[in-house]
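Visitor: I should be grateful for a close look at one part of this structure. Please choose a single element and describe its surroundings in some detail.

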Amino acid sequence: MNYRAPRGTYDILPEDQAYWRFVTEQTRQVCELYGYEQIDVPVFEQTALFERGVGETTDIVEKEMYTFLDRSDESMTLRPEFTAGICRAYAERKLHGRPQPLRLYTIGPAFRYERPQAGRYRQFHQVDVEVLGSQDPAIDLEVMQVAWQIYEAVGIKGLSFQVNSTGCPACRPGYIQTLKSWYEQRLDGICGDCRRRYGQNPLRLLDCKKEACSAMADEAPRIAKSLCNDCDDHFGRLRSYLDALDRPYEVNHRMVRGFDYYTKTVFEVWAEGIGAQNAVCGGGRYDGLIGMVGGPETPAIGFASGIERIILTMKQEGIEPPDTPKPSVFVAYLGAEAKKAAVLLAQELRTAGIRTAALWEDRSLKAQMKQADRLGAGCVLIIGEDEVKDGVVTVRRMADSTQATVPRADVVEAVSGGDAP
Ligand code: ATP
Ligand code: MG
């Protein structure tokens with residue numbers, strides 16, 4: 001039997017870890033720079049949380065969730081996103097009792113049953129950032145800045161914001177009515193999916209990617225004209241901050257985002273070259289969600305960014321992460337007596353905090369040197385029968401192939417700091 005990784009999943013092999021480490025470390029640093037605290041929520045939750053929190057008519061709930069009955073016949077779902085779980089935690093753990101707003105971030109895997117393709121997987125990873133307990137548009141801007149600064153920190157260029165307002169329960173129904181009456185005459189010109197959206201989730205008519213639907217959506221009435229005073233004022237203030245910030249942004253009236261829970265601000269960050277289908281992140285305000293999952297009515301805003309998409313963009317732009325750490329020393333030996341001495345030396349080096357590699361396969365000195373070279377070790381400590389007899393170690397510096405004989409008692413001291421004497 002040959003086992004395979006499930007479709008849409010992959011292994012992050014050692015040679016890819018440098019990207020992952022770099023992106024997650026930079027992300028943590030940026031989040032902490034802005035004063036965000038880390039939270040972790042379960043990988044699975046009760047299915048009803050996502051049905052309610054993400055929305056029954058979204059693509060995610062309709063066709064992308066990994067849902068299963070556990071052994072007590074309770075329906076569980078692998079998280080397709082983080083916001084619902086974080087809001088559940090906020091309500092359940094009474095995080096609203098803490099000083100508000102609460103600034104949170106998390107990093108981890110999410111699961112969606114999608115058609116796998118470049119940058120689209122069934123198990124993927126997100127950075128998720130949320131601010132709970134504020135409705136000030138300056139918070140919207142701050143969250144957008146966090147996203148921007150993460151991409152800047154990993155070296156991605158050509159960034160721009162796409163922003164829109166999707167209104168609120170006071171003004172959105174009126175806009176949806178306007179939109180529906182406009183589409184009513186035009187149902188023949190849109191795809192089957194869009195005809196279904198027309199009935200179930202008309203806002204999604206605006207972000208269909210098919211050519212004919214997309215051309216039609218360009219002409220459709222815009223939400224900006226239907227916003228209530230509150231939403232209009234909020235969006236106006238956010239735009240004035242964006243103007244002051246001097247970062248490229250575009251008001252994209254067709255951007256409504258995939259979740260039902262968004263209110264007011266929605267945004268994406270686009271990176272040049274990967275285009276509209278591949279926004280590196282998406283987010284928005286969800287002032288009604290916490291109330292919906294059992295907490296007090298609390299305004300909030302957040303975004304999620306796919307780590308695979310960040311790495312894909314880095315690779316497309318030729319951005320290389322710093323190397324993962326290499327061994328400082330490699331311990332080589334010849335003969336059984338020397339092996340025992342080498343085992344002890346390696347132990348002593350590691351206790352002293354020096355990254356140490358060895359082969360332990362009783363191979364030739366040449367083979368051991370080759371392995372040291374492949375691993376990128378800074379120096380090789382060689383112990384043969386003579387060295388054991390004389391109480392010394394031969395230290396070979398890989399950079400310039402120079403060798404020195406060092407008393408055994410001084411070796412750890414001599415190589416600490418990573419360089420040979
Ligand atoms: P898309 O339009 O690409 O399907 P989405 O609107 O479903 O994206 P969100 O639910 O907002 O995306 O998720 C936020 C981010 O997570 C996306 O911008 C993307 O970077 C990433 N993402 C979403 N789905 C996947 C996936 N299946 N594989 C890898 N990354 C993903
Ligand atoms: Mg999607």
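**A strand and its aromatic contact**

Guide: A search of the whole structure, which is a predicted model, finds 9 aromatic pairs. One of them is formed by tryptophan 148 and phenylalanine 161, whose ring centres are 4.8 Å apart. The planes of tryptophan 148 and phenylalanine 161 make an angle of 50°, and the pair therefore counts as tilted, given that stacked pairs lie under 30 degrees and edge-to-face pairs over 60. The contact links distant parts of the chain: tryptophan 148 belongs to helix 5 (residues 137-153), phenylalanine 161 belongs to strand 7, and the two are 13 residues apart. Both tryptophan 148 and phenylalanine 161 are buried.

Strand 7, the element chosen here, spans residues 159-165 and is mostly covered, with 7 of its 7 residues buried. Phenylalanine 161 points the same way from strand 7 as Leu159, Val163 and Ser165. Ser160, Gln162 and Asn164 point the other way, and they too are buried.

Two strands pair with strand 7, as follows. With strand 9 (residues 263-271), strand 7 pairs in the antiparallel sense over 7 bridges; within this pairing, glutamine 162 stands opposite glutamate 268. With strand 8 (residues 249-251), strand 7 pairs in the parallel sense over 3 bridges. There, valine 163 of strand 7 has valine 251 as its bridge partner.

Phenylalanine 161 thus joins the two parts of this description: it is a buried residue of strand 7, and its ring pairs with that of tryptophan 148.

Note on methods. Residues numbered from 1 in each chain as written. Chains lettered and ligands numbered in written order. Predicted model: local features only at pLDDT ≥ 70, side-chain atom pairs only at ≥ 80, totals over all residues. Heavy atoms only, no water. Buried < 20%, exposed > 50% of the residue type's maximum accessible area, 1.4 Å probe, protein only. Helix = DSSP H or I, 4+ residues; strand = E, 2+ residues; numbered from the N terminus. Pairing = 2+ DSSP bridges. Phe/Tyr/Trp six-rings, centres within 6.5 Å; stacked < 30°, edge-to-face > 60°.
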